[in-house]
Amino acid sequence: MVCRVKFELINVSKIKNGKPILRNINLQFLSGSKYTILGPSGSGKTTLLRLLNRMEEPSSGEILFDGENIKNIPVTKLRKKVGMVFQIPVVFEGTVEDNLLVPYSIKGIPPDKEEIKKALTLSGLKESFLSQRAMDLSVGEKQRLNLARALLNNPEVLLLDEPTSALDYETALTLLDSVNELNRVLGLTIIMVTHQVEHMRILNGSAIYIENGTVLDKKTTQSRALI
Amino acid sequence: MEYTHTLVDLNYLDLIIALSLMLIAAGLYRWYRIGLEVALIIGTVRTFIQLLAVGYVLKFIFDFNRWYLIVLTLLVMIAVATRTVVQRQQRKTKELPYIVGFAITVGSGITLFVITQVIIQIEPWYEPHYLIPLAGMIIGNSLNGSTLAVERLDSEIASRRMEIEAYLALGATARQAALSCIRSAMKAAMIPTINSMMVVGIVSLPGMMTGQILSGTSPFLAVKYQIIIMYMIAFSVAISSFLLTHLRFRRYFTAEHQLREEAFS
Ligand SMILES: Nc1ncnc2c1ncn2[C@@H]1O[C@H](COP(=O)(O)OP(=O)(O)O)[C@@H](O)[C@H]1O
Ligand SMILES: [Mg+2]
């Protein structure tokens with residue numbers, strides 16, 4: 001495996017409405033690796049993820065993607081390479097298929113039926129879902145649909161913000177299996193926020209512990225994560 | 001033209017007779033304690049004063065008959081329409097009057113130009129008997145369409161914020177992410193116009209057509225005018241709401257296709 005650095009954060013800080021949310025973050029995410037971001041509610045985990053695909057701007061510091069400052073990459077291109085799955089799944093009007101056509105309409109290219117089926121299977125949804133109304137899916141299925149939709153951009157990185165928090169125990173575990181599969185089969189870099197230690201163990205990636213907007217050192221992280 | 005019929009003159013006694021009917025109506029409402037009699041009286045008085053005032057203003061403009069005064073009148077009409085649209089909005093942002101004014105000016109300006117200079121070909125080009133009532137109808141409809149467009153766009157963007165973010169996260173541009181909200185807004189702006197095109201002549205006779213017929217115009221000519229007016233109204237609503245929604249949605253996004261937090265507070 002190539003151990004290239006996918007994302008690098010250099011002295012990244014974020015201040016919102018005068019309140020420091022992230023302070024001086026220095027992190028590296030290696031290509032093809034898995035990471036879990038842990039930390040109490042309000043510690044800045046979501047904000048950190050949203051800086052990586054430029055849903056928000058850092059107040060200071062630099063973020064490099066494949067060694068290039070993300071400010072120099074067209075933002076729509078960056079976001080296609082860095083997919084995001086939100087805490088609460090978002091479905092668009094229409095059927096599951098309509099939802100999966102959106103990435104194509106954004107890119108302005110004709111849809112590829114085979115690619116759609118592949119993304120669906122990788123996300124753990126059966127083909128028969130295609131004609132179902134997306135609004136009628138269960139939360140777990142909606143989250144899988146969100147995963148499939150992100151995959152259609154052929155991303156290199158997946159950002160997952162507590163993707164399992166709205167799911168029941170069993171559904172959460174199978175979703176995590178799918179995420180592990182995506183890392184193994186497609187070599188996707190996975191950066192997942194969770195506050196469940198068990199989910200961190202299942203993902204089996206490096207743990208990053210955030211508290212009060214700062215990343216804790218390795219030793220403290222281990223002691224927190226092992227509780 | 002065989003139509004020699006002209007409008008019967010009215011004197012102030014005629015107005016007083018009509019006024020007494022209003023008193024009967026107000027009396028009826030008072031008798032039944034519906035509580036609207038004061039509003040009815042105020043409405044009666046305002047109608048009288050406002051229309052009389054407009055009568056004098058129009059008479060002055062028509063008699064004076066200079067292009068600059070007529071252009072100025074049109075500008076005042078647009079300014080009043082713009083103010084009305086802005087006042088009806090919840091989010092009265094700094095730039096709103098400018099974009100509303102621009103959208104209404106361009107939308108009704110093109111329309112007014114086509115109808116007066118290309119279709120009717122009025123002589124001289126500023127002939128106020130045509131220009132001012134036509135502008136009134138077109139600007140009035142642009143006003144209603146613009147109000148609905150901004151209202152709907154703002155409420156759609158606020159309520160579909162998560163969907164918009166999901167679009168952006170997939171690599172959509174701000175415009176792509178806002179497109180379904182823009183569509184809803186343009187639709188909302190046009191629906192009343194479509195409704196009136198559906199029933200015109202069946203359920204209602206338009207005021208302008210009625211007026212022309214009353215004053216002795218051949219019904220066919222009056223109808224032709226009305227058809228053109230209906231199309232022109234739809235056109236100006238389409239242009240105004242298109243321009244307005246496209247100028248308005250930008251304020252919700254940064255140049256880097258991010259949602260602007262401040263725009264929602
Ligand atoms: N628009 C905002 N203005 C001010 N503070 C905010 C804003 N959005 C989030 N915050 C604050 O930022 C902190 C971190 O939020 P977030 O990144 O969502 O944390 P987490 O995902 O770890 O729960 C929280 O204290 C939150 O209240
Ligand atoms: Mg969060």
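**Exercise 1. How many of the 8 residues of helix H1 (residues 45–52) of chain A are buried?**

Before the solution, two conventions should be kept in mind. The model is predicted, so that local features need pLDDT of at least 70 and side-chain atom pairs count only at pLDDT 80 or more, while totals for chains, interfaces and linings use all residues. Residues are numbered from 1 along each chain as its sequence is written, chains are lettered from A and ligands numbered from 1 in the order in which they are written, and side-chain values use heavy atoms, with hydrogens and water left out.

Solution. Begin with the terms: buried means under 20% relative accessible area, exposed over 50%, and partly exposed in between, with a 1.4 Å probe and protein chains only. Helices (H or I, at least four residues) and strands (E, at least two) are DSSP runs, numbered from the N terminus. With these cut-offs, 7 of the 8 residues of H1(A) are buried, so this helix is largely enclosed by the rest of the structure. The buried residues are A:Lys45, A:Thr47, A:Leu48, A:Leu49, A:Arg50, A:Leu51 and A:Leu52. Just after H1(A), A:Arg54 takes a positive phi of about 55°.

**Exercise 2. Describe the make-up of chain B.**

Solution. First count the elements: chain B has 9 helices and 0 strands. Next consider its extent, for which the C-alpha trace spans about 70 × 55 × 35 Å along its principal axes. Then turn to burial, where buried residues make up 38% of the 265 residues in the chain. Finally, taking a contact as heavy atoms within 4.5 Å, residues 24 or more positions apart account for 72% of the contacts with a separation of 6 or more.

**Exercise 3. Which residues touch the most other members of the largest nonpolar core?**

Solution. A nonpolar core is a set of buried Ala, Val, Leu, Ile, Met, Phe, Trp, Tyr and Cys residues joined through side-chain atoms within 4.5 Å. In the largest such core, of 53 residues, the members that touch the most others are A:Phe7, A:Leu9, A:Phe29, A:Leu52, A:Ile191 and B:Phe253. Helix H7 (residues 174–199) of chain B gives the most to this core, contributing 6 residues. Apart from it lies another core, of 37 residues, among them B:Leu69, B:Met190, B:Met208 and B:Leu243. To follow one member further, B:Phe253 touches B:Ile164, B:Leu168, B:Ala174, B:Ala178, B:Gln258, B:Leu259 and B:Arg260, when residues up to four places away in sequence are not counted.

**Exercise 4. Compare the packing of H5(B) against H7(B) and against H9(B).**

Solution. Axes are lines fitted to C-alpha atoms, for helices over the stretch in contact, and angles run from 0 to 180 degrees between N-to-C directions. Angles under 35 degrees count as roughly parallel, over 145 as roughly antiparallel, 65 to 115 as roughly perpendicular and the rest as oblique.

- Step 1. The axes of helix H5 (residues 128–159) of chain B and H7(B) come within 8 Å and cross at roughly 150°, which makes H5(B) roughly antiparallel to H7(B).
- Step 2. On the H5(B) side the contact includes B:Gly145, B:Leu148 and B:Ala149, and on the H7(B) side it includes B:Cys181, B:Ile182 and B:Ser184.
- Step 3. By class (Ala, Val, Leu, Ile, Met, Phe, Trp, Tyr, Cys and Pro nonpolar, Asp, Glu, Lys and Arg charged, the others, Gly among them, polar), the contact of H5(B) with H7(B) has 10 nonpolar, 2 polar and 2 charged residues.
- Step 4. H5(B) and helix H9 (residues 219–248) of chain B pack at an angle of about 40°, with their axes 8 Å apart, and are therefore oblique to each other.
- Step 5. The contact of H5(B) with H9(B) has 13 nonpolar, 8 polar and 2 charged residues.

**Exercise 5. Place A:Lys80 and B:Thr73 in their surroundings.**

Solution. A:Lys80 is found in helix H2 (residues 75–81) of chain A. Leaving aside neighbours within four places in sequence, A:Lys80 is in contact with A:Ile106, A:Lys107, A:Asn153, A:Asn154, A:Pro155, B:Leu170 and B:Gly171. The C-alpha atoms of A:Lys80 and A:Ser60, 20 residues apart along the chain, are separated by 24 Å. Turning to chain B, B:Thr73 lies in helix H3 (residues 67–87), and B:Thr73 is buried, with a relative accessible area of 16%. With neighbours within four places in sequence again left aside, B:Thr73 is in contact with B:Ile61 and B:Ile132.
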